[in-house]
Amino acid sequence: MWTRHHKKRRLGRLVVPLLAVAFLSYFGYHSIHGGFGLRATEEFDRQIAERKARLDALTQTRRTLEREVELMSDGSLERDMLDEKARLALNMSRSDEIVIFHHRAN
């Protein structure tokens, strides 16, 4: 019976480590730069902070509008509020009045 002896090649010993390095490199790169990686997480956190600030501003605006509507409701009609809104809508004032413009930040 004849036996063949194969000489081990250097390339054969490097295949598994090279494949492992390739897979680790691929997954390592995408864990940082991928769609759900570290950089994307930072961007999501930045967007969350911006949107929370916008929500707070909108909530405050809504509260202000609700308070103004409450003052103009049937049960407690404020004459000053009604007068102010009518003058603002019609762009009118009396000749003996001083007009101070108030600009709301949106």
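Tyr26 is partly exposed, with a relative accessible area of 47%. This residue of the predicted model lies in helix H1, which spans residues 10-33, and it offers a convenient point of entry to the structure.

Beside Tyr26 in the sequence stands Phe27, which is exposed at a relative accessible area of 51%. The two residues fall into separate classes because the exposed class begins over 50%: the 47% of Tyr26 counts as partly exposed, whereas the 51% of Phe27 counts as exposed.

The side chains of these residues also meet. A pair of aromatic rings is described by the distance of the centres and the angle of the planes. For Tyr26 and Phe27 the centres are 5.1 Å apart and the planes stand at 80 degrees, an edge-to-face arrangement. The angle earns that description because planes over 60 degrees apart count as edge-to-face. The structure holds 1 aromatic pair.

Tyr26 and Phe27 belong, moreover, to a nonpolar surface patch of about 770 Å². Its other members are Leu11, Val15, Val16, Leu19 and Phe23.

The wider setting may now be considered. The chain contains 3 helices and 0 strands, so that its elements, read from the N terminus, follow the order α-α-α. Of its 106 residues, 6% count as buried, a class that requires under 20% relative accessible area. The surface exposed by the chain amounts to about 10900 Å², of which carbon and sulfur atoms supply 60%.

Terms used: Residues numbered from 1 in each chain as written. Predicted model: local features only at pLDDT ≥ 70, side-chain atom pairs only at ≥ 80, totals over all residues. Heavy atoms only, no water. Phe/Tyr/Trp six-rings, centres within 6.5 Å; stacked < 30°, edge-to-face > 60°. Buried < 20%, exposed > 50% of the residue type's maximum accessible area, 1.4 Å probe, protein only. Helix = DSSP H or I, 4+ residues; strand = E, 2+ residues; numbered from the N terminus. Areas by Shrake-Rupley, 256 points an atom, 1.4 Å probe, with all protein chains shown as cover. Patch = residues over 30% accessible without salt bridge, like charges linked within 9 Å, V, L, I, M, F, W, Y side chains within 5 Å. Salt bridge = Lys/Arg side-chain N within 4 Å of Asp/Glu carboxyl O.
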